Amino acid sequence: MTIGIESILVRKFKNSEFKAPQLDKLAVEKPVALIYNGISHVVMMATPKDLHYFAVGFSLTENIIQSINDIYGIDIIETPKGIEVQIELSSRRFSELKEKRRNLTGRTGCGICGSEQIDQVCQTISSLPLINQISLADFSNSLNYLSQVQHVGNQTGCTHAAVWLDLQGQFIAGFEDIGRHVALDKLLGFRAMQLPNDSKYQHGVVLVSSRASYEMVQKTANCGIEFLLAVSAATSLAVDLAKQCNLTLLGFFRGRNGVVYSGEDRLI
């Protein structure tokens, strides 16, 4: 059985007529609490796998840490009501976290719900350098990689995916989750743990199966990545931020077709 899937007995119907009971598969959804040095910081609804990568990615993209060296250890603890991810931070990072700590409950649709102040949401992000360029012709088959990593999604129709491609459009790594933000955090956490020893994670492209929200742009740019390709649309605030930080943002991406919202100079 694939991790993250449950089977239940259901009655399906077609043309208003019920069929005989049969087994169906559901994606498992659990509350996952990220706890830093004993203090709960956020609870996200997530698919309960690859949580080490999620913890690193969330910590990195939310500016809780600057590198994985700021994390001394991660323990994952199953509880009757969910999962606790215990993260041991360096003293300096934990002190900074306590100063800016926010009390929020995340959801799959909005990872920044509950922020106490607008300044906590609208972060200042440094402008990305124009280092790399890509040819869209190399990415004509890239959408196939999304389903390649959706082991739960292929059986349940219930997950998003985020994949890392090299600059020639070749698949490197990918993760899935019921939450699009969580899938992206898992990917970015995994990438951070491969650097700097594996050069293929230094420069590349993020492709996501969802829309491009403000937070998706923010997370990608915070990791110094120049490209974000989204299967669905981008929001207005996402486009504004992408332009401000010089991120190449594409929406409605279908390989050779799509919409360029910002950063066209990187496309050849």
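Is Ser210 buried or exposed? I opened my notebook with that one, and the answer is that Ser210 is buried, with a relative accessible area of 3%. A reminder to myself before going on: this is a predicted model.

**Entry 1: Ser210 and its surroundings**

I placed Ser210 in the loop between S12 and H7. Next I listed what Ser210 touches, not counting residues up to four places away in sequence: His160, Arg180, Met216, Ala230, Val231 and Ser232. Two of these names led me onward, His160 and Met216.

**Entry 2: His160**

I found His160 in strand S10, which covers residues 160-165. Is His160 buried, partly exposed or exposed? His160 has 26% relative accessibility, and because buried means under 20% and exposed means over 50%, His160 counts as partly exposed.

I then looked up the contacts of His160, leaving aside neighbours within four places in sequence. They are Gln150, Phe175, Glu176, Asp177, Ile178, Gly179, Arg180, Ala183, Ser209 and Ser210. Which side chain makes a polar contact with the side chain of His160? That partner is Ser209, at 3.1 Å. I also noted a C-alpha separation of 9.0 Å between His160 and Val182, which are 22 residues apart along the chain.

**Entry 3: helix H7**

Met216 took me to helix H7, residues 214-222. How many of the residues of H7 are buried? I got 8 of the 9, so this helix is largely enclosed by the rest of the structure. The buried ones are Tyr214, Glu215, Met216, Val217, Gln218, Lys219, Thr220 and Ala221. I was pleased to see that Glu215 and Lys219 are on that list of buried residues. Just after H7, I noted Gly224 with a positive phi of about 75°.

**Entry 4: nonpolar cores**

I moved on to the largest nonpolar core, which has 56 residues. Which residues have the most contacts inside this core? They are Leu34, Tyr36, Val85, Leu89, Val206 and Leu228. Helix H6 gives the most to this core, with 7 residues. Apart from it I found another core, of 17 residues, among them Phe139, Leu165, Phe227 and Val231. Val231 had already turned up in my notes, as one of the residues that Ser210 touches.

I picked Val85 for a closer look. Leaving aside neighbours within four places in sequence, Val85 is in contact with Val32, Ala33, Leu34, Ile35, Leu51, Ala55, Ile74, Asp75 and Ile76. Leu34 is in that contact list, and Leu34 is also among the residues with the most contacts inside the largest core.

**Entry 5: the largest pocket**

I looked up the volume of the largest pocket and wrote down about 260 Å³. How many residues line this pocket, and which lie nearest its centre? The lining has 17 residues, and those nearest the centre are Leu60, Ile65, Gln66, Ser67 and Ile68. By type, the lining divides into 8 nonpolar, 5 polar and 4 charged residues.

Two helices, H2 (91-100) and H6 (180-194), each supply at least two residues of this lining. H2 gives the most, with 3 residues. H6 was familiar to me by now from the largest nonpolar core, to which it gives 7 residues.

**Entry 6: backbone oddities**

I searched for unusual backbone angles next. Which residues does a cis peptide bond join? They are Leu195 and Pro196, with omega about -5°. Pro196 lies in the loop between H6 and strand S12 (205-208).

Asp50 has a phi near 60°, a positive value in a residue other than glycine. I located Asp50 in the loop between strand S6 (39-46) and helix H1 (51-61), and at 29% relative accessibility Asp50 counts as partly exposed.

Asn63 also has a positive phi, about 60°, although it is not a glycine. Asn63 lies in the loop between H1 and strand S7 (71-79). With 35% relative accessibility, Asn63 counts as partly exposed.

**Entry 7: Ile3**

I finished with Ile3, in the segment before strand S1 (5-10). Its relative accessibility is 56%, so Ile3 counts as exposed. Beyond neighbours within four places in sequence, Ile3 is in contact with Pro48, Lys49 and Val152. How far apart are Ile3 and Gly157? I noted 154 residues in sequence and 15 Å in space, C-alpha to C-alpha.

Note on methods
Residues are numbered from 1 along each chain as its sequence is written. This is a predicted model: local features need pLDDT of at least 70, side-chain atom pairs count only at pLDDT 80 or more; totals for chains, interfaces and linings use all residues. Side-chain values use heavy atoms; hydrogens and water are left out. On a 1 Å grid over the protein atoms alone, a cavity is a set of points where a 1.4 Å probe fits but cannot get out, and a pocket is an open set with protein on both sides within 12 Å along at least five of seven lines; lining residues have an atom within 4 Å of a point. Grid points are joined across faces, edges and corners, and a volume is the space filled by probe spheres set on the points. Helices (H or I, at least four residues) and strands (E, at least two) are DSSP runs, numbered from the N terminus. Ala, Val, Leu, Ile, Met, Phe, Trp, Tyr, Cys and Pro count as nonpolar, Asp, Glu, Lys and Arg as charged, and the others, Gly among them, as polar. Buried means under 20% relative accessible area, exposed over 50%, partly exposed in between (1.4 Å probe, protein chains only). Contact means heavy atoms within 4.5 Å. A polar contact is a pair of N or O atoms within 3.5 Å; within protein, one must be able to donate a hydrogen and the other to accept it, and residues adjacent in sequence count only if both atoms are side-chain atoms. A nonpolar core is a set of buried Ala, Val, Leu, Ile, Met, Phe, Trp, Tyr and Cys residues joined through side-chain atoms within 4.5 Å.
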